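The exercises below ask the reader to work through a protein structure step by step. Please keep the sequence and the model in view while attempting each task.

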Amino acid sequence: MNIRVVARVITLPNKIEEFKALALNLVEATRQEDGCIQYELLQNQSDATDFTFVEAWESEAAWNLHLNTPHFLDAASQLDGLVASAPDIRSYKLLK
């Protein structure tokens with residue numbers, strides 16, 4: 001079963017470029033993972049501090065493996081001081 005993930009991150013206004021660099025490195029590494037169908041980073045056109053990751057995974061197991069990869073754990077460990085609040089991460093199953 002395919003899993004979809006939407007993860008929203010709000011950065012501190014003065015940390016937008018730092019977060020963007022960190023996130024784009026994460027995107028590049030994640031797209032190479034087995035089970036990754038889609039991994040995109042979006043930036044809100046009306047609010048530059050508002051970012052959303054849109055993800056598609058072959059299975060929940062593939063997504064769980066992603067959450068434990070060195071590149072994900074490294075990126076997550078660097079969020080403190082870059083973000084205004086904890087990321088809002090939601091997973092969904094595709095109904096149709």
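What follows is a set of exercises on a predicted model, each with a worked solution.

**Exercise 1. The nonpolar core**

Determine how many residues the largest nonpolar core has and which elements give two or more residues to this core.

Solution.
Step 1. The largest nonpolar core consists of 22 residues. Those with the most contacts inside it are Phe19, Leu26, Tyr39, Phe53 and Trp57.
Step 2. Two or more residues each come from strand 1 (3–10), helix 1 (16–30), strand 2 (36–43), strand 3 (50–57), helix 2 (60–66) and helix 3 (70–77).
Step 3. Helix 1 gives the most, with six residues.
Step 4. Tyr39 may serve as an example. Setting aside residues up to four places away in sequence, Tyr39 touches Leu26, Val27, Thr30, Arg31, Phe53, Val54, Glu55, Trp57 and His66.

**Exercise 2. Two buried residues in contact**

Establish whether His66 and Thr30 are buried or exposed, and list what each of them touches.

Solution.
Step 1. His66 is found in helix 2, and Thr30 lies in helix 1.
Step 2. A residue counts as buried under 20% relative accessible area. His66 has a relative accessible area of 1% and is therefore buried. Thr30, at 0%, is therefore buried as well.
Step 3. Not counting residues up to four places away in sequence, His66 touches Leu26, Thr30, Glu33, Tyr39, Glu55, Trp57, His71 and Phe72. With neighbours up to four places away again left out, Thr30 touches Cys36, Tyr39, Trp57, His66 and His71.
Step 4. The side chain of His66 also makes a polar contact with the side chain of Glu33, at 2.8 Å.

**Exercise 3. The largest pocket**

Describe the volume and the lining of the largest pocket.

Solution.
Step 1. The volume of the largest pocket is about 240 Å³.
Step 2. Its lining has 19 residues, of which Leu26, Phe53, Phe72, Leu79 and Ile89 lie nearest the centre.
Step 3. By class, the lining comprises 17 nonpolar, one polar and one charged residues.
Step 4. At least two lining residues each are supplied by strand 1, helix 1, strand 3, helix 2 and helix 3. The largest share, four residues, comes from helix 1.

**Exercise 4. A residue of the pocket lining**

Locate Phe72 and state which residues it is in contact with.

Solution.
Step 1. Phe72 belongs to helix 3.
Step 2. Its relative accessibility is 17%, so Phe72 counts as buried.
Step 3. Leaving aside neighbours within four places in sequence, Phe72 is in contact with Leu26, His66 and Leu67.
Step 4. Phe72 and Ala29 are 43 residues apart in sequence, and their C-alpha atoms are 8.7 Å apart in space.

**Exercise 5. Separation along the chain and in space**

For the pairs Glu18 and Leu82 and Asp80 and Ser59, state the separation along the chain and in space.

Solution.
Step 1. Glu18 is found in helix 1. With a relative accessible area of 44%, Glu18 is partly exposed.
Step 2. Glu18 and Leu82 are 64 residues apart along the chain, while their C-alpha atoms are separated by 7.4 Å.
Step 3. Asp80 is found in the loop between helix 3 and strand 4 (88–93). At 76% relative accessibility, Asp80 counts as exposed.
Step 4. Asp80 and Ser59 are 21 residues apart in sequence and 29 Å apart in space, taken from C-alpha to C-alpha.

Conventions: Residues are numbered from 1 along each chain as its sequence is written. This is a predicted model: local features need pLDDT of at least 70, side-chain atom pairs count only at pLDDT 80 or more; totals for chains, interfaces and linings use all residues. Side-chain values use heavy atoms; hydrogens and water are left out. A nonpolar core is a set of buried Ala, Val, Leu, Ile, Met, Phe, Trp, Tyr and Cys residues joined through side-chain atoms within 4.5 Å. Buried means under 20% relative accessible area, exposed over 50%, partly exposed in between (1.4 Å probe, protein chains only). Contact means heavy atoms within 4.5 Å. On a 1 Å grid over the protein atoms alone, a cavity is a set of points where a 1.4 Å probe fits but cannot get out, and a pocket is an open set with protein on both sides within 12 Å along at least five of seven lines; lining residues have an atom within 4 Å of a point. Grid points are joined across faces, edges and corners, and a volume is the space filled by probe spheres set on the points. Ala, Val, Leu, Ile, Met, Phe, Trp, Tyr, Cys and Pro count as nonpolar, Asp, Glu, Lys and Arg as charged, and the others, Gly among them, as polar. A polar contact is a pair of N or O atoms within 3.5 Å; within protein, one must be able to donate a hydrogen and the other to accept it, and residues adjacent in sequence count only if both atoms are side-chain atoms.
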